[in-house]
Structure formats: structure tokens, C-alpha cells
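Here is a short report on strands, helices and confidence in a two-letter set of chains. Read it with the coordinates open.

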Amino acid sequence: MTAPDEQEPESVGLVRPYVITNGREIADGDRFELVTLITAAPDQQQKSRLDPEKRSLVELCEGGYLSVAEIAGHMRLPIGVVKVLLSDLAEGGHILTRAPVPAAQLTDIQVLQEVLDGLQARFG
Amino acid sequence: MSQYLQDPALWGLVVGAPLAATVIYRGRKSNAKLRLEKTELESRHTELEDTFSDAVEEARLRAEDATKTALKSAMRTLQGLANEQQLAISKVQGKYGDQQFLQDLLEIDHMNSQFGRRAQSVSVLCDGWLGRQRTVASVYDVARSAKGRIRHFTRVEIRSQTNFAVISQVVEPVALVLAELLDNATSYSAPETTIDINIRTVPKGVCVIIDDAGVGMNEEEKSRAARLLSGEHPVSVTELGNPPQFGFAVIGVLAARYGFSVSVDTASPYGGVRAVVLLPQELLTSMPEPQNAPVPETPAAMPEPEEAGETAGGLPKRRRRAPIAIVPETDAADASNRARSSEETASIMGAFQRGTQSGRSADPSREGFEVQ
């Protein structure tokens, strides 16, 4: 099965990404940001009926939260393709999504100010 | 008595009889000789005819051989280019995976796969190789790979999965055979109909069954197909017709070469053709462990073999079963990045940075709205 010469040692995946998405349009990505966090839904039925990629994606997220960018890196799939898989899985109730963490920290300035005020009132 | 002696007729008879006998004898002799010559001539004629047809056949074979050799080497170049292009497309897909034009890239990828398949088919008919090395793959993945090599692949639905895998040597041939069958199935059925693939375990191995809802085949077409699919008769490139009908010829050659069987003589439940590929036990194995099989890159990217052993041993499990929440740990992300190539890491980090930047600059009130 090996050609006598000029055999390309590096070979690409057997199943191409467009087959994994089954030719579906890649959404604009307003639902899943790169930093959106994903975890597997707690009760998984019929996981064995999923495509291999979707199954391994769910398994990947079983241990905690992973960002979309990380999932794409681990699965070695283009991010757009991962987003298609994610939206399928979210529809089927296999995964849960959560807002990225850093956004919540930006609003804390008022609390900090109050703490500072309190400290100054007590020790200052 | 004496009166007879006077009779000239008697003398005539006396003289004439030996003469006639001689004449008859000579005639017979020459006749026999002529006959002999005739048969000799005849045999020489057939000999000549044989030599002539042999010479013609030989010339034809030589021409066929020359055609095949030329085509084969031309196809090898095309196959190499298709593979190279696929590799390049894959890289770009990974690099710009979050961009709008990924859709276009996927379409280009699809076209390239079809192009590669055509080159492979011609190469097979010219006794060439498929020119791609594969690792063990599940029958399901082989079927999906085949699906990706035809134009209207979205019409193909794979209904069942199995735990069986195909040994590495036949991954590519079986994928090509299935692709040719699917190509036939989609070409000879209405565009809105679907093509079903069922994978069934049978005592002799695994059957991949392809059902279309097309027009079916008549007896003549069936017998032509059976003759080509048997793989017993050598296929001539010059006999493929115009436009050339590769499909069954390619399938027959591959089935004979790798030892599996293909039949198309039954009707599908939808009135079209049912094609059955029977993969015997010798070509099957159990499912490969890692599904994504990203293994080959890991050792190459490692600087130290000792460390590689440790990390490669620990990492895949950790990646797979216990991914850690992204927020606190930086070292875990670091460690998993080591297994990637530097380009990949760069592209992922870049994408991540762009993402966080856009997240920071975005209106905070929108954040909660976007996510469920």
C-alpha cells in the first residue's frame, strides 16, 4: 500500500471537516465566543449515538469548563467547525455554556472603592 | 472366341483398361496430393492468421501498457499535488478557523477531495497505487471519508455505527470503493432523494450496504457490472467509453487486489440499486484507541526523549478525561501546549488574545445577553 516514491509522510485526517459539519453553514459565531466556557451536561443519555467527534467533545468537557478556543485546540479542528458541533450539542442538551469570567471582574470597582473607604475610615 | 479377337472393341478395351486404370490412379494420386497441399495451405493460413492476431494483440497490449504507464505517472503527479493541497488547506483551516471565510475553505477542501479521488481512480485502472498512508480507522469513519469524496455528499446518510475497524492497508481502498459506489448512487437517483448507508455485522465479516432510490439497473447493465466487479477480466483503459465509466472497473480492480467483494445485483427497498461491500474478517480489526489520533506529531515536537515519555504518557489521559477549568491554572495550559506545533500554538494563542481583547472592549452589558 505504499507508493514506491514521493510518498507524503504527513497525511491529513481521514474525515474532512466539511463532512464533520455535514456541509452545514458555519454560523456567524454570535452564540459562541472564543472564550465562552463549555461543560458537559450532567445527565447524558444516548451519548453513544453521537458522531465520534461530538462524543469526544462531550467527553473532553466532562471534567470541568473549557473555552471554545481550547476545545478547538484539543480536537485539532477549525474553530468554526467546533462552533457548529457545539450548537448541535447545545440543541441536544448535551452541553452547558457559561459566560466568560473576566467580564464579571470589571464591575468590581465600586466594591473596591467601598473597601478602601472602609479601611481609610478605620485605620486612616 | 476368335470372332471376338477380330473385334476392335475388344482391343480397344484391352488397351483402354490399363490406360484408364493408370489415368484413374494418377488422378487419384494427384487428387490426394492436391488435398494434402490444400490442408497444408490451410494450416499455414491459420498459422499466419494466428501470428497476425498475436502481433495485433501484442501491439495492442504494448499500446495499452504504454498508455497505462504514461497515465499512471501523470496521475501520480496529480495525486501528489492533491495531497499537498489538502495538507495546505488543512493548515489554513486551522489557522483561520474562526474567520468568516472558513466556509469557503471547506468548500475548496471538498472540491480538492473529489479531484484527488478522480486521480486515484484513474491511477488504480493503470495498475498504480492510491498513494496515501492511513492508520487503522473505524468502518464508520471510512464510510464518512468516502462520503466526503463525492459531490452531493449531504444526500448520504450513515444510519449505523459498528465497533469494527478496518486494517490500515485497506482504509484508502475501501474508502475509494465506497466513494465510487456513492458517486453512482447519487448520479443515478433524483437530487432530492437520500442515499442510505447501513453497516451490518455478518458471520463472514462486516457488510456496508448502500441503498439508493434511483432507477435501478436493467439485466444488461447488471451483467456488465458483475463482469467488471468480479475483477477477473483485465480492464482496458481504451474500453471505458466516452464519457468514461470508471466506477465498476475501479471497484473490481480494488476488490480483487485487496480481497473483498462487492455486489450490486439486488434492488434496494426504495426501488434503486443496493450495493453491498463485504469486508472479510482478515481485513477487520478492533477499534483504535484514540479517536482523533493526533499521536504522530507528539514525539517530533518533544525536545527530550525522557521527558517526552513522561509527558506523552501522562498528557493524553489528562487532556481527554480531566480537562481543568481554564481560569486558575496557567501551567496546565502550558504543558498541553507543548504537545502542539509552534505554529499551532501561536495561532491558538493569537486567536485567544484576539478573543479576549474583543471581549474586553465589548460592551459589558451585552455579555450576559449572548450566552445562555
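The text below takes confidence first, then chain A, then chain B.

**Confidence**

This is a predicted model. The predictor assigns the complex an ipTM of 0.73 and a pTM of 0.69. Chain B has a mean pLDDT of 81, with 81% of its residues at 70 or more. Two stretches of chain B need care. Residues 291–310 of chain B have pLDDT below 50, and in the model this stretch has 18 contacts beyond near neighbours in sequence. Residues 367–372 of chain B also have pLDDT below 50; here the contacts beyond near neighbours in sequence number 11.

**Chain A: sheet**

Chain A holds an open sheet of three strands. The order is β2-β1-β3, and the pairing is antiparallel. β2 and β3 of chain A are the edge strands, each pairing on one side only. Strand β1(A) covers residues 37–40 and is joined to β2(A), residues 66–67, by two bridges. β1(A) also pairs with β3(A), residues 95–98, over four bridges.

Which residues mark the register? A:Ile38 faces A:Leu66 in β2(A). In β3(A), A:Ile38 has A:Thr97 as its bridge partner. A:Ile38 thus has a partner in β2(A) and another in β3(A). A:Thr39 stands opposite A:Leu96 of β3(A).

**Chain A: helix pair**

Two packed helices are described by the angle between their axes and the distance between the axes. In chain A, helix α3 spans residues 68–75 and helix α4 spans residues 79–91. Their axes come within 9 Å and cross at roughly 110°. An angle of 65 to 115 degrees counts as roughly perpendicular, so α3(A) is roughly perpendicular to α4(A).

Which residues make this contact? From α3(A) come A:Val68, A:Ala69, A:Ile71, A:Ala72 and A:Met75. From α4(A) come A:Ile79, A:Val82, A:Lys83 and A:Leu86. By class, the contact has eight nonpolar residues, one charged residue and no polar ones. Lysine counts as charged, so the charged residue is A:Lys83.

**Chain B: annotated helical span**

The UniProt record, an unreviewed entry, places a "coiled-coil region" at residues 31–58 of chain B. In the model this span is 100% helix and 0% strand. Its end C-alpha atoms lie 40 Å apart.

**Chain B: sheet and hairpin**

Chain B has an open sheet of three strands in the order β1-β3-β8, with antiparallel pairing. β1 (137–138) and β8 (284–286) of chain B stand at the edges. Each has a single partner strand, so one side of each lacks a neighbour in the sheet. β1(B) pairs with β3(B), residues 164–166, over two bridges. In this pairing B:Ser138 is opposite B:Ala165 of β3(B).

A hairpin is formed by β6(B) and β7(B), with five residues between the strands. β6(B) covers residues 261–267 and β7(B) covers residues 273–280. The two run antiparallel and are joined by five bridges. B:Thr266 stands opposite B:Arg274 in β7(B). In this hairpin B:Gly271 takes a positive phi near 90°.

**Strand pairs side by side**

The table lists antiparallel pairs from both chains.

| Pair | Residues of the second strand | Bridges |
|---|---|---|
| β1(A) and β2(A) | 66–67 | two |
| β1(A) and β3(A) | 95–98 | four |
| β1(B) and β3(B) | 164–166 | two |
| β6(B) and β7(B) | 273–280 | five |

Methods: Residues are numbered from 1 along each chain as its sequence is written. Chains are lettered from A and ligands numbered from 1 in the order in which they are written. This is a predicted model: local features need pLDDT of at least 70, side-chain atom pairs count only at pLDDT 80 or more; totals for chains, interfaces and linings use all residues. Two strands pair if DSSP finds at least two bridges between them. pLDDT is the predictor's confidence in each residue, from 0 to 100. Two residues are in contact if their C-beta atoms, placed from the backbone, lie within 7 Å. Axes are lines fitted to C-alpha atoms, for helices over the stretch in contact, and angles run from 0 to 180 degrees between N-to-C directions. Angles under 35 degrees count as roughly parallel, over 145 as roughly antiparallel, 65 to 115 as roughly perpendicular and the rest as oblique. UniProt positions are given in the numbering used here, feature names are shortened, and annotations may be inferred rather than shown by experiment.
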